[in-house]
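Q: Could you take me through the sheet in this structure and the helices that lie against it? I'd like a close look, strand by strand.

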Amino acid sequence: MFSLDELEAAAEPVHRQVPASPQLRWPLLDEATGARVIVKHENHNPTGAFKVRGGVTFVEWLRRTHPDSPGIVTATRGNHGQSQARAAVAAGLRAVVYVPEGNSPEKNAAMRAWGADLRVHGTDFDTAREEAFRVAEAEGLTIVPPFHRELVRGVATYAWELLSAEPGIETLYVPIGCGSGICGCIAARDALGHRAEIVGVVSENAACAQLSVAAGRPVETNSAATFADGMAVRVPVPEALAIYGRGAARIVDVSDGLIAEAVRLYWTATHNAAEGAGAAPLAALLKEREAMAGREVAVILCGGNIDADRMATVLTGGTPAP
């Protein structure tokens, strides 16, 4: 997708607002998985998630190419919306953000705090997304789709940081929602000429990406009922599928129970809070621990924005309801 020069150019504006996130080794994770594990801590970013990077590059692109746009409208389960609201409002633009009913109260509060005009519509992300596209035309706002070249170029800077610093990584696990994260990892891997295989991770209850790769075409699911809301997508993004369908070594599905186990492990081994999607890569490594024994493995802790009640459920041994 990008040349190395294009990724380095993206890192410049990103790093003016978002310091490079740490990639750390935790010996208790090595003990639990049998692998040599590196964690890329995107949970340490402003807004607590990797999406903040794409907000920087998208809004910079918008102001450069559409200087008369009064603002943006988008749909989200939380982290993307925080990213876009933060960047748009800082640039003096409106930020209208659609979320589905029952969305995370804490993520909703954070989006409002970043200045979003938050609107609730529909029962899931994909329904909220359809409404955002309709409102963009009606209100004269620029739609921020779930997948866009400038979003991916910003997001790819975390993989550029990680793979530049760690040439020995053999396998990299990354979650899939709409696909910007895994496509950014593939883009950075290819631009750097790195050897890492990239493994996508989905919830077994929101497996449209896995089903689509297996079928060789977009496959929608009837529901996406997982507490890992960052992966709760029913409809794959065709542009993203075209990239991870070719560039990922495989797509692994994990249960909500195993994701909850990974959230607990992150807490006990590193004292980092991980949201469901953030813990999913570690869950996939736990699932594949026999095959990964002794290997140099990286996992993306893509976000730490888990609601307090869900974290309490996890830490007392339970699995949160979707």
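A: Sure! One bit of vocabulary to start: two strands count as paired if DSSP finds at least two bridges between them. Keep in mind that this is a predicted model. With that rule, you get an open sheet of six strands, in the order β1-β2-β10-β7-β8-β9, and the pairing is mixed. Now look at the edges: β1 (23–25) and β9 (250–254) each have a single partner strand, so one side of each is left without a neighbour in the sheet. Going from one strand to the next, the twist averages 30°.

Let's zoom in on one pair. Strand β2 (residues 36–41) and strand β10 (residues 296–301) run parallel, and six bridges join them. To find one of those spots yourself, go to arginine 36: its bridge partner in β10 is glutamate 296. As background, strands of a sheet pair through backbone hydrogen bonds, either parallel or antiparallel.

Next, the helices that lie across the strands. Helix α8 (residues 180–192) lies across β7 (171–175) and β8 (197–203), and runs at about 180° to β8. Helix α9 (residues 208–215) lies across β8 and β9, this time running at about 145° to β9. So β8 has a part in both stories: α8 lies across it, and α9 does too.

While you're looking at helices, try one more pair. Helix α3 (residues 52–65) packs with helix α4 (residues 79–90) at an angle of about 40°, their axes 8 Å apart. That angle makes α3 oblique to α4, and their crossing is right-handed. Among the residues that meet there are Val52 and Phe58 in α3, and Arg86 and Ala87 in α4. Sorted by class, this contact has six nonpolar, four polar and one charged residues.

Notes: Residues numbered from 1 in each chain as written. Predicted model: local features only at pLDDT ≥ 70, side-chain atom pairs only at ≥ 80, totals over all residues. Heavy atoms only, no water. Helix = DSSP H or I, 4+ residues; strand = E, 2+ residues; numbered from the N terminus. Axes fitted to C-alpha atoms, helices over the stretch in contact; angles between N-to-C directions. Contact = heavy atoms within 4.5 Å. Parallel < 35°, antiparallel > 145°, perpendicular 65-115°, else oblique. Left-handed = near helix turned anticlockwise from the far one by under 90°. Nonpolar A, V, L, I, M, F, W, Y, C, P; charged D, E, K, R; others polar.
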